[in-house]
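Visitor: Could you take me in for a close look at one buried spot in this protein, and then work outwards from there? I'm happy with a long answer.

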Amino acid sequence: MMSSAPNFDERIDRRGTHSSKWDMMEPLYGVPASDGIAMWVADMDFRPPTCVQAALEGMAAHGLYGYFGDSKANHDAICWWMQSRHGWAVEPASIFTVNGLVNGTALCVAAYTKPGDGVVLMTPVYHAFARVIAAAGRQVVECQLAIEDDRYVLDIAAWDAMMTGTERMFVLCSPHNPGGRVWTRDELRAIADFCVRHDLILVSDEIHHDLVMPGHKHQVMALAAPEIMDRLVMMTATTKTFNIAGCHVGNIIVPDKALRAALAAAINAAGVSPNSFGMMMATAAYSPDGAEWVDALVAYLDGNRRLFEEGVSAIPGVRAMPLEATYLAWIDFAGTGMSTSEFTARVEKQALIAANHGPSFGKGGASFLRFNLATPRSVVAESVERLKQAFVDLQ
């Protein structure tokens with residue numbers, strides 16, 4: 001059991017701590033650090049569970065910080081977590097440790113594609129995917145999601161028509177960032193069938209799979225479509241779940257031995273090796289104490305979600321896409337009739353809130369901003385009031 005209940009209401013001043021989220025807000029968005037609210041980068045303003053802190057304190061007490069070795073405890077913890085939380089039996093030999101899942105995506109691009117190949121994304125989607133694909137000299141193929149009943153849905157027929165035969169890989173974000181969708185088993189099977197039809201390696205990034213709102217259930221791609229194991233690569237991590245993104249550690253889980261060998265070669269070529277701090281933190285997090293903390297976290301995030309969605313949806317012309325997973329609210333300003341630059345300026349210059357710009361997520365993102373709700377509820381409430389005031393002339 002946890003030694004004490006987490007206090008998610010505590011406001012922790014992160015300014016001046018080398019926090020990307022808070023200390024880069026003014027340089028990047030022009031939102032003043034003195035009274036601005038940082039709601040952009042996807043990390044939380046909460047301390048991680050005490051079991052993670054204890055692991056770090058144990059390392060500090062030991063006082064030696066050499067190369068990390070013997071991954072058995074880490075692999076055992078990963079296997080326990082995936083089985084107990086997701087019903088997914090993982091083979092330890094299939095696990096690779098990488099320096100976070102952006103690094104993992106880049107390694108998959110290197111392992112499974114060649115320069116000039118197409119890599120398919122369902123957009124709008126997490127912006128780092130396109131960045132690493134393009135930087136590697138591959139083509140970003142944007143398959144835009146459709147919207148039905150204020151939710152993203154697949155548009156498979158349109159995507160089939162787009163394929164040219166030069167595509168080699170599909171990167172899936174499941175649950176979806178920024179739309180917050182929890183894909184159903186049928187949707188995942190439709191994606192798997194699409195990948196078989198077009199002979200694509202399917203990389204399923206499931207980093208948000210532990211942050212699912214009540215009433216929804218994440219479906220593991222490896223379980224939804226087990227027949228595609230020969231083309232499936234799974235990516236998971238502790239970093240989003242436990243707010244330890246700065247430790248830069250993630251898992252690539254590859255069931256197929258041929259795909260495994262190709263990834264191992266790419267990892268060796270890139271000189272990737274584990275960070276000892278990250279390994280110790282991740283191992284400690286994937287534990288019963290960590291699980292209890294996550295359950296408390298999700299309940300708290302659900303309260304923040306309700307508060308924010310109800311608040312911003314009261315602004316005429318502003319619509320919150322219902323959040324099924326993640327702590328990232330995807331807010332559509334199209335109904336205001338304003339241009340992207342106009343509604344963004346109101347949020348940044350009047351509300352003094354830094355939120356991610358929708359166009360950076362690809363096709364379909366132009367009328368949106370993404371807001372990070374993983375912050376004390378009082379901050380969420382304050383952000384709602386600031387947004388209402390910034391758009392008061394519409395009310």
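**Starting from Ser 204**

Guide: Ser 204 has a relative accessibility of 0%, so it counts as buried. Bear in mind that we're looking at a predicted model. Ser 204 belongs to strand S8, which covers residues 201–205. Leaving aside residues up to four places away in sequence, Ser 204 is in contact with Leu 172, Ser 174, Met 221, Leu 232, Val 233, Met 234 and Met 235.

Let's follow one of those contacts, Leu 172. On the same sequence terms, Leu 172 touches Met 122, Trp 183, Leu 188, Ile 191, Leu 202, Val 203, Ser 204, Asp 205 and Met 221. Several of these names come up again in the largest nonpolar core, which has 68 residues. The members that touch the most others there are Met 122, Phe 170, Leu 172, Ile 191, Leu 202 and Met 221. Helix H13 (residues 288–313) is the biggest contributor to this core, giving seven residues. There's also a second, separate core of 29 residues, with Cys 108, Val 109, Tyr 112 and Leu 263 among them.

Now for the strands around our serine. S8 is joined to S7 by five bridges, and the two run parallel. One pair to look for is Cys 173 with its bridge partner Asp 205 in S8. Strand S7 spans residues 167–173, and six of its seven residues are buried, so the rest of the structure largely encloses it. S7 also pairs with strand S3 (residues 118–123), again in parallel, through four bridges. In that pairing, Gly 118 sits opposite Glu 167 of S7.

Elsewhere you'll find an open sheet of five strands with mixed pairing, ordered S1-S13-S14-S12-S11. Its edges are strand S1 (37–39) and strand S11 (319–320); each has a single partner strand, so one side of each has no neighbour in the sheet. At the S11 end, two bridges link S11 to strand S12 (residues 328–332), and this pair is antiparallel. Ala 320 has Ile 331 in S12 as its bridge partner.

That leaves the open spaces. Rolling a probe the size of a water molecule over the atoms reveals where space is left empty. The largest pocket has a volume of about 1,200 Å³. It is lined by 46 residues, and the closest to its centre are Val 41, Ala 42, Asp 43, Ala 245 and Gly 246. Five helices each supply at least two residues of that lining: H1 (20–23), H3 (50–62), H5 (101–112), H6 (127–135) and H10 (239–242). H6 gives the largest share, with four residues. Sorted by class, the lining of the largest pocket has 21 nonpolar, 15 polar and ten charged residues.

The second largest pocket holds about 290 Å³ of space. Its lining has 17 residues, and those nearest the centre are Arg 11, Arg 15, Trp 22, Gly 36 and Val 379. Here helix H15 (residues 377–390) gives the largest share, three residues. The class split for the second largest pocket is six nonpolar, three polar and eight charged residues.

To come back to where we began: Ser 204 is buried, it sits in S8, and S8 runs parallel to S7. Its contact Leu 172 is one of the core members that touch the most others.

Definitions and conventions:
Residues are numbered from 1 along each chain as its sequence is written. This is a predicted model: local features need pLDDT of at least 70, side-chain atom pairs count only at pLDDT 80 or more; totals for chains, interfaces and linings use all residues. Side-chain values use heavy atoms; hydrogens and water are left out. On a 1 Å grid over the protein atoms alone, a cavity is a set of points where a 1.4 Å probe fits but cannot get out, and a pocket is an open set with protein on both sides within 12 Å along at least five of seven lines; lining residues have an atom within 4 Å of a point. Grid points are joined across faces, edges and corners, and a volume is the space filled by probe spheres set on the points. Ala, Val, Leu, Ile, Met, Phe, Trp, Tyr, Cys and Pro count as nonpolar, Asp, Glu, Lys and Arg as charged, and the others, Gly among them, as polar. Buried means under 20% relative accessible area, exposed over 50%, partly exposed in between (1.4 Å probe, protein chains only). Contact means heavy atoms within 4.5 Å. A nonpolar core is a set of buried Ala, Val, Leu, Ile, Met, Phe, Trp, Tyr and Cys residues joined through side-chain atoms within 4.5 Å. Two strands pair if DSSP finds at least two bridges between them.
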